[in-house]
Structure formats: C-alpha cells, structure tokens
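This report describes a protein model for a reader who has not seen it before. Please keep the sequence and the structure in view while reading.

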Amino acid sequence: MKVVLFCGGYGMRMRDGGSDLPKPMHPVGPRPLIWHVMRYYAHFGHTEFVLCLGYGAHHIKDFFLNYDETASNDFVLHGAEVELLGSDIKDWTITFVHTGLDSAIGERLRRVEPFVRDDEMFLANYADVLTDAPLDEMVSRFRASDAIGGLMAVPPQSAFHCVDVDEDGRLATISSLQQMPLWENGGYLIFRPEVFEHLTEGCDLIGDVCAPLARQGRMFGYRHKGFWHPADTVKERTALEAAYQSGNRPWMVWDSPADRDPLQAAIAELTAIER
C-alpha cells in the first residue's frame with residue numbers, strides 16, 4: 001500500500017530562527033522525523049512513498065539522494081570498502097512531488113492523485129508524529145468498513161484542565177482533558193480513491209473533506225491509547241530526542257529488543273522504573 005506524506009509546510013512552530021529545515025527534517029537521534037515515520041510504515045510492509053514537497057524540498061531530496069546507511073546500520077570497513085550488515089531503505093520506492101509552497105493539505109493530496117488513484121486504498125501522514133499503534137489492525141478494520149476515509153484517534157494531549165462553570169461563577173467540576181470523552185486526530189490517515197471526488201482546489205483535508213464525510217457516516221476512526229507523540233513544536237521534538245537518547249523509543253516498533261544495545265536497554269529499563 002502506498003503512503004502519502006505531507007512534508008511541504010513551513011512548520012513555523014518548530015522554527016528557531018537559525019535553520020530553514022522543514023519540520024519533518026528535524027532530527028531524532030541520527031535520523032530526521034520523516035525517516036522514523038517512513039521506517040514505521042516499512043515495518044508493516046508499506047514501502048512505496050509519495051512525498052508531497054513544498055518548503056525546504058531540497059533538504060528532503062538531498063537527504064535521500066545522499067543517504068548514509070552507516071548512520072543507523074552496523075557495518076564492516078575493509079580498507080576503503082564498506083560492508084553493510086543491515087539496510088534501511090534498499091526496498092523503498094520514493095516519489096518526490098513538488099505540491100506548492102503554500103498549498104493546503106487537501107490541495108497537496110489532490111496534486112498527487114495520479115500516483116495513488118488506481119490503488120484500492122492508500123495511507124497518508126503529516127510526517128511529524130510518532131506512534132507504536134498496530135497499523136495492520138487499523139488497516140484491517142478500515143478495509144472491513146465502507147468508509148471513504150479513516151484516521152487514528154488519540155486522547156487529547158494538552159495539559160490544561162477543563163472546568164464546568166455555572167451562571168453564578170461556581171465551579172462544578174475540574175478535570176483534565178484526558179478524562180473527558182474526547183478524541184483528536186492523530187495524523188495517521190487512510191483513504192479509498194473515492195476521496196478525490198471530494199477534493200476541491202485549495203481545500204483543507206480535514207475541515208473541508210473529512211468533516212463532511214463524517215457527517216455522512218463515511219469516516220472511520222481507530223482509537224489508540226498507546227504511545228503517540230507529535231513534534232509540532234521545539235519542546236515536543238526535544239522530548240522525543242531525550243527519549244531516544246535514554247533508550248526509551250516505543251515508536252521504533254521495528255527495533256527488536258534482541259537487537260538493542262545492552263547499555264541503552266539498561267538505561268531504558270532504569271528510566272521506566274524511575275517513572
């Protein structure tokens with residue numbers, strides 16, 4: 001199944017004023033966010049990617065055109081020759097499509113229609129959110145439905161509290177968002193090609209397309225309460241980097257415990273105990 005990745009936005013909340021990197025190219029460990037998202041999909045057998053490029057497209061192109069396998073794979077050096085003991089992307093097919101600097105997500109998807117319109121269904125993602133969700137289960141349940149589109153639903157992430165205030169200003173309840181019967185779009189999307197019949201020029205994918213389909217009962221939601229972490233801000237990306245460095249990497253479902261570095265595994269175990 002093909003995977004469409006939206007990676008052409010400006011990512012203003014991630015910008016620090018000193019770099020023009022697009023948000024999906026900010027690193028977590030030795031690899032950028034987009035690589036972690038793609039590696040997740042590849043783990044479930046989805047290795048055909050369509051990248052919707054825009055701002056900072058050259059950074060993404062250069063990364064893959066000059067891909068360094070040794071950054072995340074073991075290898076043996078024989079003089080000047082490198083013998084790789086593993087490979088990340090040798091079976092990946094990546095299509096690079098410039099979809100505009102200021103295009104809305106719906107417009108970006110509309111512009112890559114020729115690459116996915118003949119498929120039974122396809123996956124899509126914002127390329128800046130990591131999870132450990134069982135993707136195969138989500139796909140299986142969507143396939144069994146008659147929905148045109150689907151998304152992963154996750155509990156709200158905000159630390160703010162919700163309050164119930166009556167007309168006299170008396171508080172009846174105070175509760176966290178996570179305690180409310182609410183779910184938010186987790187960014188892992190799946191569609192049937194019929195979605196292109198609902199895309200109009202310049203449209204917003206969620207507000208203009210998915211919301212009306214939901215009112216018609218043609219959207220599917222997969223609830224996931226496990227690990228899910230966005231990287232929409234510098235703070236969130238920094239938290240992912242800290243987790244990676246500590247060895248606490250639940251989104252790396254492709255990384256078998258047997259293959260992990262013993263020291264990193266021990267650090268991760270100690271971190272889990274402390275929490």
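## Salt bridges

R110 is partly exposed, with a relative accessible area of 30%; here buried means under 20% relative accessible area, exposed means over 50%, and partly exposed lies in between, with a 1.4 Å probe and protein chains only. The model is predicted, and local features need pLDDT of at least 70, side-chain atom pairs count only at pLDDT 80 or more, while totals for chains, interfaces and linings use all residues. Residues are numbered from 1 along each chain as its sequence is written, and side-chain values use heavy atoms, with hydrogens and water left out.

R110 forms a salt bridge with E107, where a salt bridge is a side-chain nitrogen of Lys or Arg within 4 Å of a carboxyl oxygen of Asp or Glu. Both residues belong to helix α3 (residues 105-111), and because R110 and E107 are three residues apart there, about one helical turn separates them. Helices (H or I, at least four residues) and strands (E, at least two) are DSSP runs, numbered from the N terminus. E107, at 4% relative accessibility, counts as buried.

The whole structure holds eight salt bridges. Three of them are listed here.

| Pair | Closest N to O distance |
|---|---|
| R110 and E107 | 2.9 Å |
| D232 and K23 | 2.5 Å |
| D88 and R31 | 3.3 Å |

The side chains of D232 and K23 meet in a salt bridge. D232 lies in the loop between β15 and α7, and K23 in the loop between β1 and β2 (27-28), so the pair ties together parts that are 209 residues apart in sequence. Both D232 and K23 are buried. The pair D88 and R31 also links distant parts of the chain: D88 is in the loop between β6 and β7 (93-98), R31 is in strand β3 (residues 31-32), and 57 residues separate them. D88 and R31 are both buried.

A231 sits in the loop between β15 (228-230) and α7 (234-246). Its relative accessibility is 0%, so A231 counts as buried. The C-alpha atoms of A231 and P24 are 8.6 Å apart, although these positions lie 207 residues apart in sequence numbering.

## Cores

Which residues have the most contacts inside the largest nonpolar core? They are L5, Y41, L51 and F64, in a core of 49 residues. A nonpolar core is a set of buried Ala, Val, Leu, Ile, Met, Phe, Trp, Tyr and Cys residues joined through side-chain atoms within 4.5 Å. Helix α1 (residues 33-43) gives the most to this core, with eight residues. Another core lies apart from it and has 24 residues, including V97, L151, A153 and F196.

Beyond its neighbours within four places in sequence, L5 is in contact (heavy atoms within 4.5 Å) with residues including Y41, L51, N125 and A127.

## Strands

L5 stands opposite N125 in β8. Strand β1 (residues 2-7) and β8 pair in the parallel sense over three bridges; two strands pair if DSSP finds at least two bridges between them. Strand β8 is also joined to β13 (residues 184-191), by four bridges in the antiparallel sense, and A124 has L189 as its bridge partner in β13. From β8 (residues 122-125), F122 and A124 point one way and L123 and N125 the other, and all are buried.

A127 is found in the loop between β8 and β9 (129-131). A127 is not a glycine, yet its phi is positive, at about 70°. The relative accessible area of A127 is 0%, so the residue is buried.

Strands β11 (residues 161-165) and β12 (residues 171-176) run antiparallel and are joined by five bridges. They form a hairpin with five residues between them, and G169 in the turn has a positive phi of about 85°.

## The protein as a whole

The protein has eight helices and 15 strands. Of its 275 residues, 45% are buried. Among contacts with a separation of 6 or more, 73% join residues 24 or more positions apart.
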